[in-house]
Amino acid sequence: MSNPNDMTKVMRLLQFTDSQFPIGTFSFSNGLETASFEGIVKDAKSLESFARSQSHQAAFSDGVAAIHAYRAYKSGNHEKCKEIDKYLYAFKMNDEARLMGVRMGKKLAELGVRLYADPFVKEWLDAINKGETPGMYPIAQGIMFALAGVSEKDLFCSHQYGVINMVLGAALRCVKVSHYDTQQILETLSDDIESLYEKASSMELKDMNAFYPELDILASLHEKGNMRMFMN
């Protein structure tokens with residue numbers, strides 16, 4: 001594959017970050033549905049706090065894994081991608097997070113095979129289909145962004161945008177907030193991304209951390225809850 005120019009890289013970044021990119025992000029709320037149902041998130045102020053917690057939790061877990069997968073693709077190390085993938089899957093505290101990770105990850109891998117004639121991606125999808133690796137979404141992100149010629153920093157930025165936007169998109173369906181509120185929250189949280197990247201990019205897999213127990217409790221409640229707007 002030829003080396004893409006800067007404008008092509010921007011187009012691919014926009015493509016992969018678009019909310020309509022067909023990997024199923026709209027199906028999940030990252031625990032927001034339960035938080036809204038329980039009255040924990042009820043307005044713009046509480047939504048901003050919830051979205052910030054989700055952003056920080058993701059940065060130092062999924063974000064770290066995505067960065068390492070990006071570097072593994074760059075070095076042509078397929079086995080390293082499997083190692084990262086299995087580590088991340090085991091790291092997840094609740095079934096819903098694992099379900100979201102593998103469903104979106106496989107969708108992205110399937111799309112990658114269609115977009116790029118790259119043997120690494122085909123081998124990755126084959127490994128998922130054979131049950132050799134779980135196929136978590138951040139690993140597929142790392143592979144796809146490296147393949148597309150998009151920078152590691154832009155990968156992390158896109159990953160964080162996706163996490164925040166997933167929560168904010170869900171909020172418009174189950175919290176009393178407006179589009180103005182959600183855009184203001186996105187604007188505010190965007191200021192954190194640079195510092196989050198600086199820390200995440202220097203972390204080893206063993207340094208991953210995501211100690212936000214309230215988020216995992218909400219996710220576990222959603223697995224057995226009565227609310228059903230979003231997948232569980």
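This is a short dialogue on reading salt bridges in a predicted model.

Me: What should I keep in mind about this model before I start?

Reply: The model is predicted, so local features need pLDDT of at least 70 and side-chain atom pairs count only at pLDDT 80 or more, while totals for chains, interfaces and linings use all residues. Residues are numbered from 1 along each chain as its sequence is written, and side-chain values use heavy atoms, with hydrogens and water left out.

Me: What is a salt bridge, and how many are there?

Reply: A salt bridge is a side-chain nitrogen of Lys or Arg within 4 Å of a carboxyl oxygen of Asp or Glu. By this rule the count is 11. One of them pairs Asp 192 with Arg 52 at 3.5 Å, N to O. Asp 192 sits in the loop between helix H10 (179-190) and helix H11 (193-200) and Arg 52 in helix H3 (residues 44-59), so the pair ties together parts 140 residues apart in sequence. Helices here are DSSP runs (H or I, at least four residues), numbered from the N terminus.

Me: Are Lys 92 and Asp 62 buried or exposed?

Reply: Buried means under 20% relative accessible area, exposed over 50%, and partly exposed in between (1.4 Å probe, protein chains only). Lys 92 and Asp 62 are both buried, and their side chains form a salt bridge at 2.6 Å, N to O.

Me: Which residue does Lys 82 pair with?

Reply: Lys 82 pairs with Glu 132, their closest N and O atoms being 3.1 Å apart. Lys 82 is buried at 11% relative accessible area, whereas Glu 132 is partly exposed at 35%.

Definitions and conventions: Helices (H or I, at least four residues) and strands (E, at least two) are DSSP runs, numbered from the N terminus.
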